[in-house]
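Reader: I am new to reading protein models, and I would like to go through one slowly, one question at a time. Could we look at it together?

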There are 2 protein chains.
Amino acid sequence: MVVTPWEVSGNIDYARLIKDFGTEHLTDSLIKRIEKEAGESHFMLRRKVFFSHRELDVLLKEHDEGKPWALYTGRGPSGKTHLGHMLPWFFTKYLQDAFDVKLYFQITDDEKFLCKSDLSAEETHSLAYDNALDLVALGFNPKKTFVIVDTDYAKTLYKIAIRVAKKVTTSSAKAVFGFTNETNIGMVFWPAMQAAPCFLPSVLEGRPIRTLIPAAIDQDPYWRIARDIAPKLGYPKTAAIHSIFLPSLMGPGKMSTSIGEHTTIFTTDSPEEVEQKIMKYAFSGGRSSLKEHREKGGDPEVDVSYQWLRIIFEPDDTKLKKIHDDYKSGKMLTGELKQILIEKVNAFLKKHQEERERARDKLDGFILKD
Amino acid sequence: MVVTPWEVSGNIDYARLIKDFGTEHLTDSLIKRIEKEAGESHFMLRRKVFFSHRELDVLLKEHDEGKPWALYTGRGPSGKTHLGHMLPWFFTKYLQDAFDVKLYFQITDDEKFLCKSDLSAEETHSLAYDNALDLVALGFNPKKTFVIVDTDYAKTLYKIAIRVAKKVTTSSAKAVFGFTNETNIGMVFWPAMQAAPCFLPSVLEGRPIRTLIPAAIDQDPYWRIARDIAPKLGYPKTAAIHSIFLPSLMGPGKMSTSIGEHTTIFTTDSPEEVEQKIMKYAFSGGRSSLKEHREKGGDPEVDVSYQWLRIIFEPDDTKLKKIHDDYKSGKMLTGELKQILIEKVNAFLKKHQEERERARDKLDGFILKD
């Protein structure tokens, strides 16, 4: 198992990640507190799609006391947006709607340019604005959502980043991110740019505002540096809530375009592409023959179609349980399970693609400018 | 002898620096070419105050062919401006006036914040605008002079700097600048910010514009990285013309506030302070007794007052020669020599301080904004 901000491979052992990264389990009692404050439940909490956190309890206590806080998450624009990228965004929208807080969304075109040898700065900049359409399409509150494209907001970010960078030695950045002497000097500095939005709300409003980061757990190392630095700069430590990865169509691990376009579903895929990809590639927990499947049943734990329903596309627990039980008993075949997912994904994408086109006119209002 | 962008100490052997740094001697024939193109001579060329260069010959050839070029120099705002800082500025003004070219002047408040543990970002930012007054006071062409305060022009600089940074490994930055694993990650990245203005004129005008950097030779390592990178980014290599250091009042080496305020003269010093400092501290090439001085004469080569006249304050070769000969013969005493320098410095500072106050209203027009 390898889990870094740049690579996720092998069979992911999430319990071990909590131990290795030094984060905390998202306990049932903490989930209940979120739901109570939020006024509504969310299936990603009930199903432990979000499973780990840092100081979420502190943030909730402050929220009780009326202290302000803000959400911060983002996207590295190395290609088109796929469903795996959007997993934390769905949950972030739930949090923004429930708590009525500001969201700062950082699109790291500088990082993707610096770490991808085949991408030009023009390409990552263009991808940043393309990817932002997917965020806007989800219907985030336009008055409280601020999209940061790093190279277009660098004046403000850089001023904060140098304050962070002054407190981080090269050896510390090497240890946390696995940098070597061959790493380019832009990447070595870049964790400071990634940390900057943790403190941006406090800087912009001139009062302490803790940030909460919903993100996949592989991004956690960035916040460890931001958290170490926070007290030295006089800002609140960033809290975090960590999700699992949406598995690739091909099976366990994180969905990633770099493995191959056929293992992912993009937000711009046509209904036919979605159907083809899921039918052809979605890893099945079914048996090798119809007869055996009817007798022994399938395994929903490894079946990607079932997992996608569980993680994103079937919010209704009762319906999900029926799918689970029918598949496990052998009553439901893999082809039928896949068909359920295809319908769910295509229904989502139909609406999303319409909203995505409408987002082109709205986007400028979301972009933070300095 | 230690000569790096951050430290200059020991007895400076300029011939060895040319060899160590791999620059070229500024030959008499090249000086003649500059003077011919410029239409007038400059005492700093005749006296080899500027003594080394990189590809100045290439730049002059292109100038002959009508190709555009621009000047680039700057200032690290770690304290008040002193006369040593201004040495290259006087010569830069000669070049701007003679060749009617644009000057980009970078004030590196980010670097000084990053490398000085006792300076806050607010302090270096404030010093940047204070130091800029000294540049404006010298009468640079307001239509062709662009002052860059790094943190206030970071959006444009960062976009160029990441293109540079992507081509520079950590080990290469370590080798050139003596960085270690204990160096903070802001400093490791910073050479890319320093290199950015080399390419800025080409970026802003959308056509290749070579830059020429007049600077003290200790700054040369920055341009080596910029020069290595230039062809990879498709920009002309930066040319350079290097000066010696103005010696400290206490004797050989580079004048530096960090040694002690009494070894330098600031642009804001009063006539009394100037007189006191020179009378008390200016290292003398005189003999230990009046009798011995009259008999054997003084040594203008080590006398700081004489050297300051030679390097900055007595442009008239005939007058300088008379001072040299009178001092060397013993006809002129150290006190008399110091008095000549005091008058010259105070005459300069009287006018400079008036212009410096006027510069407060003009400054904003010089600042490059993004």
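Reader: Does Q307(A) count as buried or exposed?

Author: This is a predicted model, and in it Q307(A) sits in helix α14 of chain A, which covers residues 304-313. A residue counts as buried when its relative accessible area is under 20%. The relative accessibility of Q307(A) is 8%, and therefore this residue counts as buried.

Reader: With which side chain does the side chain of Q307(A) make a polar contact of 2.9 Å?

Author: A polar atom of the Q307(A) side chain lies 3.3 Å from the backbone oxygen of E301(A), but that partner is a backbone atom and not a side chain. The contact of 2.9 Å joins two side chains, that of Q307(A) and that of R310(A).

Reader: Which residues are in contact with Q307(A) once its neighbours within four places in sequence are left aside?

Author: Setting those neighbours aside removes R310(A) from consideration, while E301(A), whose backbone oxygen was mentioned above, stays in the list. The residues in contact with Q307(A) are then P247(A), P300(A) and E301(A).

Reader: Why is chain A said to be as compact as a globular protein of its length?

Author: Chain A contains 16 helices and 11 strands, and its C-alpha trace spans about 65 × 45 × 45 Å along the principal axes. For 370 residues the globule rule gives a radius of gyration of 21 Å, and chain A comes close to this, so it is as compact as a globular protein of that length, with a radius of gyration of 21 Å.

Reader: What share of the 370 residues in chain A is buried?

Author: Among the contacts in chain A with a separation of 6 or more, 78% join residues that are 24 or more positions apart. Buried residues, with Q307(A) as one that counts as buried, make up a share of 58%.

Reader: Which three residues supply more of the area that chain A buries against chain B than any other three?

Author: The two chains meet through 38 residues of chain A and 38 residues of chain B, and they bury about 3,300 Å² between them, 62% of it on carbon and sulfur atoms. On the side of chain A, 24% of the buried area comes from Y158(A), K166(A) and I185(A).

Reader: How many salt bridges does the rule find across the interface of chain A and chain B?

Author: One salt bridge joins K159(A) to D152(B), with the closest N and O atoms 2.9 Å apart. Across the interface of chain A and chain B, the number of salt bridges found by the rule is 6.

Note on methods
Residues numbered from 1 in each chain as written. Chains lettered and ligands numbered in written order. Predicted model: local features only at pLDDT ≥ 70, side-chain atom pairs only at ≥ 80, totals over all residues. Heavy atoms only, no water. Contact = heavy atoms within 4.5 Å. Buried area = accessible area lost by both parts, 1.4 Å probe. Salt bridge = Lys/Arg side-chain N within 4 Å of Asp/Glu carboxyl O. Helix = DSSP H or I, 4+ residues; strand = E, 2+ residues; numbered from the N terminus. Buried < 20%, exposed > 50% of the residue type's maximum accessible area, 1.4 Å probe, protein only. Polar contact = N/O pair within 3.5 Å; in protein donor to acceptor, adjacent residues only side chain to side chain. Rg over C-alpha atoms; globule rule 2.2 N^0.38 Å.
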